[in-house]
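Student: I would like a close look at a single part of this structure, followed outward to whatever surrounds that part. Please take your time and keep the account connected.

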Amino acid sequence: MDCLLHDLRKLYTDIEIKVSDPTTKFTETSIDMSNVKLTIESTNKKNKITIICEPIDSRIGEDIKNGKISIIKNTRKQIAKFFKKNYNFDSLEARSILSFGPNDEDGSCLLVDDTIDGESDKERLNEFKDSIIQGFKWATREGPLCDETIRNVKFKILEIELADNYLDCNGAQLIQMARNACYSSFMIGTPKLMEPIYQIDITCYYNVVPKLNQLLDRRRGNILTSSPIAGTSLYKVVGLVPVIDSVGLETDIRLLTQGQAMCYLTFSKWQIVPGDPLDKDAFIPVLRPAPIKSLARDFTMKTRKRKGIDGEPTLQKYVDSLTYTKLKDAGIIS
């Protein structure tokens, strides 16, 4: 990139080129089941739905991404068999998976029909399930914390009531209702922010390994392994560093070691950011790095500001004022 920018500035044009600060993509997740069941109404008050969420195995998203299971290519029976065998889903729940989210081929969230026949009209649900699925995918594509993708969460439909009149029960009403129901179940649980982590592979001399350890530690990273390369005087160092803290790391390594180390970075995993993204009392200093316990809140609010999203992430946006007041009086939310 440095070479390309140099050529653009010096060889091909005289205009000034400014490069914006790099941005990092985050994701959102929940580490606990929803604390309570919340019933969400549609805008016209004629339809109701109750959804809860709970965390799921992170390997599910990888299996979907790698094509081991597909909501499009596999039958419901094949999907049920896969989840029972690999993730210990019970037979009923495995057969009730309606969709993957935020998309069918690269999703890491599940939508499950957990309604009981007799308490909810399953025929009406099946008739309008496409609208419910669209609302679910919308919610998982643009999460409530900072409009980032939701990962590793299962949303379960517990109850649903749909109006008999098709004018009152249409996509415009149901999509928005399902989205708000997913958001409210997510916010009433324990929402967390996740950040991408790089694996850093460094080739260097042994005498610079302690310096690398100190450098990575300042960037919330750490060294996993350090071993000599057979037949040479070089060492191979493998570590982890958050993507958001990796900007300029390669240059710092070259300067710190006077060219005795070189590295390359590859994506490793998603990791939960320390702290509570909903903590309004988190200390965030001005023009200085935030403390470890405030990182999630700091990243959330800065991402919202960068995207032009006003206000704070709060459950109050997705439930009526009476429900919100009851939850606050009961101490379920602060």
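Tutor: Let us begin with Pro-102, which is placed in the loop between S4 and S5. The model is a predicted one, and in it the peptide bond that joins Gly-101 and Pro-102 is cis, with an omega of about 5 degrees. As a general rule, most peptide bonds are trans.

The two strands that flank this loop lead us into a sheet. This sheet is open, has five strands and mixed pairing, and follows the order S2-S3-S7-S5-S4. Strand S2 (38-41) and strand S4 (97-101) form its edges, and each has a single partner strand, so one side of each is left without a neighbour in the sheet. On average, and with direction ignored, neighbouring strands of this sheet are turned by 30 degrees against each other. In general terms, the strands of a sheet pair through backbone hydrogen bonds, either parallel or antiparallel.

Both senses can be followed here from strand S7. Strand S5 (residues 109-113) pairs with S7 in the parallel sense over four bridges, and in this pairing Leu-110 stands opposite Lys-154 in S7. Strand S3 (residues 48-55), by contrast, pairs with S7 in the antiparallel sense, over eight bridges, with Ile-49 opposite Ile-160. Strand S7 itself (residues 153-161) is mostly covered, since seven of its nine residues are buried. Beyond S3 we come to S2, which runs antiparallel to S3 and is joined to S3 by four bridges; here Thr-39 stands opposite Thr-50 in S3.

Helices also lie against this sheet. Helix H3 (residues 76-87) packs on the sheet and touches S4 and S5, with a direction that makes about 75 degrees with that of S4. Helix H7 (residues 171-187) lies across S2, S3 and S7 and runs at about 40 degrees to S3.

The packing can be followed further through the largest nonpolar core, which holds 46 residues, and of these Ile-49, Leu-111, Ile-132, Phe-155 and Leu-315 touch the most other members. At least two residues of this core come from each of S2, S3, S5, helix H6 (129-141), S7, H7, helix H10 (295-307) and helix H11 (321-329). Among the contributors, H7 gives the most, with eight residues. Ile-49 illustrates how such contacts spread: with residues up to four places away in sequence not counted, Ile-49 touches Leu-38, Thr-39, Ile-40, Ile-132, Ile-157, Glu-159, Ile-160, Met-177 and Ala-181. As a general background, nonpolar side chains tend to be buried together in soluble globular proteins.

We can now return to S4 and look at the loop that comes before this strand. Ser-96 is found in the loop between helix H4 (91-95) and S4, and with a relative accessible area of 13% Ser-96 is buried, because buried means a value under 20%. The side chain of Ser-96 reaches the backbone oxygen of Leu-92 at 2.7 Å. With residues up to four places away in sequence not counted, Ser-96 also touches Leu-111, Val-112 and Asp-113. Leu-111 is thus a contact of Ser-96 and also one of the residues that touch the most other members of the largest nonpolar core.

One loop further back, Asn-88 lies between H3 and H4. The phi of Asn-88 is near 55 degrees, a positive value in a residue other than glycine, and at 70% relative accessibility Asn-88 counts as exposed.

At the other end of H3, Asn-74 is placed in the loop between helix H2 (59-65) and H3. Asn-74 is partly exposed, with a relative accessible area of 22%. The side chain of Asn-74 reaches the backbone nitrogen of Ser-70 at 2.8 Å, and a polar contact of 3.4 Å joins the side chains of Asn-74 and Gln-78. With residues up to four places away in sequence not counted, Asn-74 touches Ile-69 and Ile-79.

Conventions: Residues numbered from 1 in each chain as written. Predicted model: local features only at pLDDT ≥ 70, side-chain atom pairs only at ≥ 80, totals over all residues. Heavy atoms only, no water. Buried < 20%, exposed > 50% of the residue type's maximum accessible area, 1.4 Å probe, protein only. Pairing = 2+ DSSP bridges. Axes fitted to C-alpha atoms, helices over the stretch in contact; angles between N-to-C directions. Contact = heavy atoms within 4.5 Å. Polar contact = N/O pair within 3.5 Å; in protein donor to acceptor, adjacent residues only side chain to side chain. Core = buried A, V, L, I, M, F, W, Y, C linked by side-chain atoms within 4.5 Å.
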